[in-house]
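Please open the model in your viewer and keep the selection tool at hand, as we shall go from one part to the next and say at each stop what is there.

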Amino acid sequence: FLSNPPLTLEKNSVSVPPESQNFHWHGFTQMADFQNIVIERAEGCWLTTTSGQRLFDGVASLWCNVHGHRNPKMDEAIRAQLDRVSHITTLGMSADITDQLAERLAEVTPGDLKHVFFSSDGSSAVEAALKMALQYWHLKNQTTPSSTSTAKTRYLALSSAYHGDTTGAVSLGGIKYFHQLFAPIVFTPVRGPLPCSYRLPDGIRDATACDYYAHEIESLLKQHHAELAAVVMEPLVQGAAGMITHPAGLLARIRELCDQYNVLMIVDEVATGFGRTGRMFACDHEGVTPDILCMGKGITAGYLPMAATIARPHVFEAFLGKSSERKQFYHGHTFGGNPLAAAAAVASLDLFRDTQLTETIDAKSQFLRECLAPIADHPHVGDVRGRGLMVGIELVADRNRKTPFDSDRLIGRNVCERATELGAWIRPLGDVIVLMPPLVASNEELRFLADTVTRAIEEVLADID
Ligand code: PMP
């Protein structure tokens, strides 16, 4: 794969005619200087463009591919389900494969998480969790919904949070460019800190960071617990915030605080779930069982759209009653629990079990870090961080002061474009270069990814002032 013909991308050329031929409008992408890469086929960790170039899938098709593309077992399971039924509603009936999946998810998720509510994408899994938490308190406290009462109707979200692009998820969000624009149509969460291990506040060291942030969050809970339905957070790593890693132990501390202040804990494992961090779920690193857990992306190993919100029995049981009591969860998606996606998800769980893939991630992660060790010393590399095969390389103007580059210089984007020309498809988050390969990537492929990114960083930052 190293003899790939090179791709050439034209940079920053605003050449769009008044009537653009871009029928396909891409998310988070400036269409005016967009150079499309069209994929015709994919196999394993490699994508092949319509003009025959091969690209390493360095971000696992937006953080979701697990077992590689065209895995024969995955393909076979989807084909077999296609011969049975491809879609039915799962409001009031279900496909056998979807029920089977729910049971399997209850087995692999932490603790007594058990009752699975299906949706089609990560944002919707978060929306379901928000509404579930709100209706839970309404049912439990037997309150009448009212637009004037704030009791158990608010959420605590961390700074720089990202939980998706639908309106409820955007309300939780705290990333300037993604979220500020939509302020007029969203609700306001109680805003927690950004527990960033790289940029700790003055006087705080690694050893005291967990206590510091737990204390910050406790102060907010003390003040707002009566209003709060739930704390919502990504566990261990805030992905879209720039692979921000939390101090070890913080997740478990927040679990304790939620119990102490009688607030539900919603953990968003859309990015971290399904082996990505070296455990099936990131919560497993700290033995935490949230009240509600959201998953998406890797659930079908990246083959078909599906997401899920899984709740513990005490949450589910609050919704039980006679039909006339109208306690049912007032939420539901047309494609939630789609049987083809369920077949893919069950096949993926079988593969996890049979290949013991999760157990390989720590070693792969360490190998990738070793390959990246030389670039970690580059004068413009501030930090190489993450967990498992979820890695961020932060590029900075001044390494000692940790000063970012002026964002208008698009350094991260230029590095990723160069890496793509060199044969590895990656996408940045600002000036954080994200490496999220499929979990089955071999050491040889991980080395290719690391070498390509190293070369792209060295070239783009060669003469930077
Ligand atoms: N939560 C987290 C933590 C995510 O990383 C993402 C997607 N990057 C989402 C939610 C939203 O998922 P989707 O794009 O499938 O709606």
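Select strand β5 (residues 154-157) together with strand β7 (residues 228-233), which pair in the parallel sense over four bridges; strands, like helices, are DSSP runs numbered from the N terminus (E, at least two residues, for a strand; H or I, at least four, for a helix), and two strands pair if DSSP finds at least two bridges between them. Strands of a sheet pair through backbone hydrogen bonds, either parallel or antiparallel. Within this pair, look for Y155, which stands opposite A230 in β7.

Before going on, note that this is a predicted model, in which local features need pLDDT of at least 70 and side-chain atom pairs count only at pLDDT 80 or more, while totals for chains, interfaces and linings use all residues. Residues are numbered from 1 along each chain as its sequence is written.

Now widen the selection to the open sheet of seven strands, whose order is β4-β12-β11-β10-β7-β5-β6, with mixed pairing. Its edge strands are β4 (115-119) and β6 (190-191), each of which pairs on one side only.

Next, add helix α7 (residues 206-224), which lies across β5, β6 and β7 and runs at about 170 degrees to β5; such angles run from 0 to 180 degrees between N-to-C directions, and axes are lines fitted to C-alpha atoms, for helices over the stretch in contact. Helix α8 (residues 250-260) also packs on the sheet, where it touches β7 and β10 (264-268), and its direction makes about 150 degrees with that of β10.

How far apart are the axes of α7 and α8, and at what angle do these helices pack? Their axes are 10 Å apart and the angle is about 25 degrees, which makes α7 roughly parallel to α8, given that angles under 35 degrees count as roughly parallel, over 145 as roughly antiparallel, 65 to 115 as roughly perpendicular and the rest as oblique. To see where they meet, select C210, Y213, A214, I217, E218 and L221 in α7 with L250, R253, I254 and L257 in α8; residues are in contact if their C-beta atoms, placed from the backbone, lie within 7 Å. By class, this contact has eight nonpolar, no polar and two charged residues, where Ala, Val, Leu, Ile, Met, Phe, Trp, Tyr, Cys and Pro count as nonpolar, Asp, Glu, Lys and Arg as charged, and the others, Gly among them, as polar.

Move on to helix α11 (residues 361-376) and helix α13 (residues 443-460), whose axes come within 9 Å and cross at roughly 25 degrees; α11 and α13 are therefore roughly parallel to each other. Among the residues that meet here are F367 and L368 in α11, and L446 and A450 in α13.

Keep α13 selected and add helix α12 (residues 411-421), which packs against α13 at an angle of about 130 degrees, with the axes 8 Å apart, and that makes α12 oblique to α13. The contact of α12 with α13 includes V415 in α12 and V453 in α13, and by class it has seven nonpolar, two polar and two charged residues.

For the last stop, select the open sheet of four strands, in the order β13-β14-β17-β16, with antiparallel pairing. Since β13 (381-387) and β16 (428-429) stand at the edges with a single partner strand each, one side of each is left without a neighbour in the sheet. Strand β14 (residues 390-395) pairs with strand β17 (residues 432-435) in the antiparallel sense over four bridges, and V391 stands opposite L435 in β17.

Key: Two residues are in contact if their C-beta atoms, placed from the backbone, lie within 7 Å.
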